[in-house]
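Trainee: I have just opened this one and would like a guided walk through it. Could we go piece by piece?

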Amino acid sequence: MFTLLNPLLYFQQILEKTEPEFLQFKNERQTWLRPVKLQQLLDTKSQHSDSKLIVGNTEVGVEMKFKGMRYPVIISCSQVPELNELHLDDEGVSIGASVTLSRIETFLKQSMEKIPEYKCKTFAAIVEMLHWFAGNQIRNVAGIGGNVVTGSPISDLNPILMAAKSTLTFAATDGTFRSIPMDEHFYTGYRKNAMLPNEVLLSIHVPFTRQTEYFKAYKQAHRRDDDIAIANAAFRVNIESGVVKDCSMAIGGMAPTTKLAVKTVNFMVKRSWNQFLLEEVSSLLADEMSLPPDAPGGMVEYRQSLVLSFFFKFYLDVSQQIVEFDNGCSIPVSATSATAPFNRPESKSTHIFQEVSDEQSLGDIVGRPIVHSSAYKQATGEAVYVDDMVPLENELYIAFIYSTKAHAEIKSVDPSKALSVEGVHTYVDHRDVPGNNDIGSAAMIDEELFATKLVRCVGQVIGGIVADNQDIAQRAAKLVKIEYEEFEPIVTIEDAIAKSSFLSTPQCIENGNIKEGFRNSDNVIEGEMRVGEQEHFYLETNACRAIPVEDGGMEILSSTQNPSLAQSLVARVLGLQKHRVTCRVKRLGGGFGGKETRSDVFSSAIAVAANKVKRPVRCMLDRDEDMSTTGTRHAFLGRYKVGFTNDGKVQALEIDMYSNCGYSMDLSFSIMERALFHMDNAYKISNIKGTGYLCKTNIPSNTAFRGFGGPQGMMIVENWIGDVAIACGISQKMVREINMYKEGDLTHFNQKLVDFNLKRCWDECLKSSEYDKRRIEVEKFNKANRWKKRGICAVPTKFGIAFTALFMNQAGALVLVYTDGSVLLTHGGVEMGQGLHTKMIQVASQTLGISSEKIYINETSTNTVPNTSPSAASASSDLYGMAIKNACEKILERIKTYAIAKPNASWEDWVKAAYFDRVSLSATGFYKTPGIGYNWDTNSGSPFNYFTFGVAVSEVEVDCLTGDHVVLRTDIVMDVGDSINPAIDIGQIEGGFIQGYGLFTLEEHRWSPSGQLLTKGPGFYKIPGFTDIPVEFNVSLLSGVPNKRAVCSSKAIGEPPLFLASSVFYAIKDAILSARHDAGTEGIFRLDSPATAERIRMACADQFTAKFPSAVPGTFRPFFVRS
Ligand SMILES: Cc1cc2nc3c(=O)[nH]c(=O)nc-3n(C[C@H](O)[C@H](O)[C@H](O)COP(=O)(O)OP(=O)(O)OC[C@H]3O[C@@H](n4cnc5c(N)ncnc54)[C@H](O)[C@@H]3O)c2cc1C
């Protein structure tokens, strides 16, 4: 009898009681077989010479999906008992090849409790490594055999297994068995090994360690959790009486296979374990593990430094252990910080906000932390996104065909093979566009919907295959043959500068007299900083359904932040008037600016397909497609010259900013405008000149991203602030304070700062974070520790609110009141998780004086509210909130008569009375932001309605030997006016901060020099994970700061907090400064953003990095470049 209380347990019990049996599944392309005995496995293998074995399919699945590998016969070994054995014997542990990594972890942990500790040093290393190996989902299905046989050069287990002197046992189809050591002869080349074609791996035997043996493994990845290694290593040494008896070193990530450092090991045997050995080994390892500058994987100086750093850590670790009982060498206390693992306690956080006053009626929900109106639906999975919508009966799917060349002429396109695939309906390209194939997502028409002759980036759409479903369409699309004539591409900003490849003439803002400013300066420094691009990485990739409707019209259901642009572009490409095109948006699974324009280009191509086949057509981009075609945040290069007095007062700034726009303009012009408007961040610079250059390159068109150029502009400011502090020998805090704006100051674009609450945020944040006290503690820590360093930094932000294009600062709303008193609210804004609809319901509820339960927002659509601006620029609540208020006030005005007549009656009674009296119960609302507008020619006017302010203090700890870091604590104080919804605003602050953290420390695209994106998936492109959240994270909203310039006295919050994550970057820089000081290097140094582990490690320049000077650029072709 099973209990039905827990259905999962019920099925698990059934599965456990069911004897596995031989299974076979077959379709026209593949056969899948599952033997359940070893002999069955061997027989099946010998019957199918073209078969592929799998266990968890975590490696083979990736090969099939992304590398185009085809395996007609798959044999699953997951249920073969002999391959699932896991037991201890006298010598160690024997692990069946199919045993999952999770099972190994549990088993070894349990074994370590029973066996003497000294025997389990390898086990401990495996358990520790498994913690950093993939995620639970992978570890629960992936087998150890899969890791060994794949033989990836960055496998995490192979270095450990090899250094431990493990043995592999194979079973062959002829009935024989053979065991071999897992030594330097096992891997014979990149993902090749000495296993014979008729063999399967049966088991791996890992020996115990001896009393005098030491074992440790190391892994360095881009992100600590759930990431593949950049390099890894395992070291084993047996030391008796201070002399090395035997040892092994296995290193990953330095060659086509995991590599044993045989030469170095030979040297070590019979030598004393001391400082001399360390120095010799460092030199030998550097030689044995050397990489040419163009080595696959890139980061050559970093990887080589890591190997030495790993060994140095091992050396110190072992020395610490042997000193206790074996006459070992002692090491200085400050050096022990090299061996201390990161100890990351669970995160804790506080949220502080002002509660509404006691006088506010209970029914008035403005200012209260109301739950997001879709929160429960999203948590349960009931919330509907575009691709969740049930397909229409005759719906088809389109898979796009993208350019595989960055810059080329299309010589021929042959879709014939694709068209012959069953289920394929048609091939679509520019010849099927009935309207205009020339498009542009902003003011400039400089793109083609489908490329005609010239392709200007990898990922540009050339055509599409329309088929019965996604699987057929994607398979057939791969069969479209395209021939190109290639030209030299421009990929990086530096390339574009060298070749004068720009999209327009430079933009410039100038104020004061910079010549005089530099003359009045005691010091002038020049510097350069790069701020990398950022992938939007919304959970929902771009998705759209285009449905042909009556009279040649088209309905678009899209994941767009900009339904009106979708409508415009579809009308343009189909040659229709806009009233024939409707774009509807339910909700987005994140947008972050990535769906402001690029999603509308994508929907237009789908609309062309739907128009051709006269049937609904759907598409949802795969993650790799989305990443390699839809653009990112612009990478920036800032070159600056700053003049200042000896006490740190800035006198003059001249800055050139270059952005990598990709192949077309999109929103690049406005993004550079915002960067120029924010080139002051929070500081009064009387003499200033900023010039923005839009670099035209052969990568996908870059686009809006939360902050819209502001973060890049402000990042460069904070960089030179740090330079000024170093140059003057004073604290960064002091430089920031000396230069910070004051109430009534004019910005460099001559906007007067009123209600300037930044200083209050600054003072409150420094106080609540105990900045001064912790600064002293950080310095103390740094004096006591050589290889772990801490840094702390406070950064302010002032973010301008409004679209810089004046006409976009308008909004519409429609309020429909039904006779039961329920209200259907529609406005032009899009809900993308930011809580806009929730806030709008709060505003309507307060204005109408009714419960929020009576108000519903169904969707955003162009046939209810026309000519909308995109949901962007943090401005949606301000704009639509006012438009909604305006519409609600019109309704109230009409209902007032009935409310006055019967004050004790209900809302429903008043509505009914109005209806029977033939009063209109629908109203449109409209709003345009008053008093803004900027003149570029005269540098006058007010581009912004107001500013949102914030300050963050972050403290980090850096591992100087690996470049790893942890954020120990972040405190944020923000002025968001009178928050409409503190729960949503604090969520935005936390989310924005973490997204900014990704931008400034982690996320990085890498491109081949020929313009191919190498980081087009979560495997290579890392966004922050859970353990990247600051260990202590405190967010506080400034109280008593109503903002008279926006709805309900609130302030915009979407974009401003993102930049506060730069406090982590500059805290890291602060920590590196201390490491450099210890290494004997002083002064200003360059650290580009993001502060990846690679950049941090290399900036902590020391005796190890010194062994690997960078090769001269231009003398080799790098494996990758940064755009
Ligand atoms: C998201 C993700 C994260 C990952 N993270 C990591 C990581 O952090 N570190 C790391 O090292 N790896 C990582 N990997 C790689 C992969 O998960 C491991 O290599 C895993 O151990 C493979 O096991 P599997 O059972 O899934 O192999 P499968 O994909 O089933 O098979 C892999 C190969 O092994 C062969 N094979 C399997 N069993 C046998 C056998 N008994 N005899 C002969 N050949 C056999 C197969 O034929 C195939 O060639 C990751 C993979 C993914 C998808």
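Mentor: Let us begin with a term: two strands are said to pair if DSSP finds at least two bridges between them. Please also keep in mind that this is a predicted model.

Trainee: Okay, so how do β27 and β30 pair, and over how many bridges?

Mentor: Strand β27, residues 543–549, and strand β30, residues 617–620, pair in the antiparallel sense, and 4 bridges lie between them. As one bridge you can look up, C544 has C619 in β30 as its partner.

Trainee: And what sheet do they sit in, in what order?

Mentor: They belong to an open sheet of 8 strands with mixed pairing, and the order is β19-β23-β17-β30-β27-β28-β29-β38. The edge strands are β19, at 424–428, and β38, at 860–861, each of which pairs on one side only.

Trainee: Which strands does helix α14 lie across?

Mentor: Helix α14, residues 470–477, lies across β17, β19, β23 and β30, and it runs at about 25° to β17. Helix α18, residues 598–613, lies across β17, β19, β23, β27, β28 and β30, with an angle of about 35° to β27.

Trainee: Switching to the ligand: how many residues surround it, and which are the closest?

Mentor: The ligand is surrounded by 28 residues, and the closest are L53, V55, T58, G143 and D156. By class, this shell has 15 nonpolar, 8 polar and 5 charged residues.

Trainee: Which elements supply at least two residues of that shell?

Mentor: β3 (51–54), α3 (60–66), α7 (144–150) and β11 (199–207) each do so, and the largest share, 4 residues, comes from α7.

Trainee: What lies opposite the oxygen atoms of the ligand, backbone or side chain?

Mentor: You will find examples of both, since K52 has a polar side-chain atom 2.9 Å from an oxygen atom of the ligand, while L53 has a backbone N or O atom 2.6 Å from an oxygen atom of the ligand. A backbone N or O atom of G56 lies 2.8 Å from a ligand oxygen atom as well. On its own the ligand has 990 Å² of accessible area, and the protein covers 88% of that.

Trainee: Back to sheets: what is the strand order in the open sheet of 5 strands?

Mentor: That open sheet has the order β16-β44-β43-β42-β34, with mixed pairing. β16 (348–352) and β34 (788–801) stand at its edges with a single partner strand each, so one side of each is left without a neighbour in the sheet. From one strand to the next, the twist averages 10°.

Trainee: How many bridges join β42 to β43 there?

Mentor: Strand β42, residues 946–959, runs antiparallel to strand β43, residues 965–975, and 10 bridges join them. A952 stands opposite I972 in β43.

Trainee: Last topic, the backbone: where is there a cis peptide bond?

Mentor: The bond between S1089 and P1090 is cis, with omega about 5°, and P1090 has its place in the loop between α29 (1062–1078) and α30 (1093–1099). Another backbone detail is D666, which is not glycine yet has a positive phi, near 45°, and which lies in the loop between β32 (650–662) and α20 (668–677).

Trainee: Why point those two out?

Mentor: Because most peptide bonds are trans, and most residues other than glycine have a negative phi.

Methods: Residues numbered from 1 in each chain as written. Predicted model: local features only at pLDDT ≥ 70, side-chain atom pairs only at ≥ 80, totals over all residues. Heavy atoms only, no water. Contact = heavy atoms within 4.5 Å. Axes fitted to C-alpha atoms, helices over the stretch in contact; angles between N-to-C directions. Near = heavy atom within 4 Å. Polar contact = N/O pair within 3.5 Å; in protein donor to acceptor, adjacent residues only side chain to side chain. Areas by Shrake-Rupley, 256 points an atom, 1.4 Å probe, with all protein chains shown as cover. Nonpolar A, V, L, I, M, F, W, Y, C, P; charged D, E, K, R; others polar.
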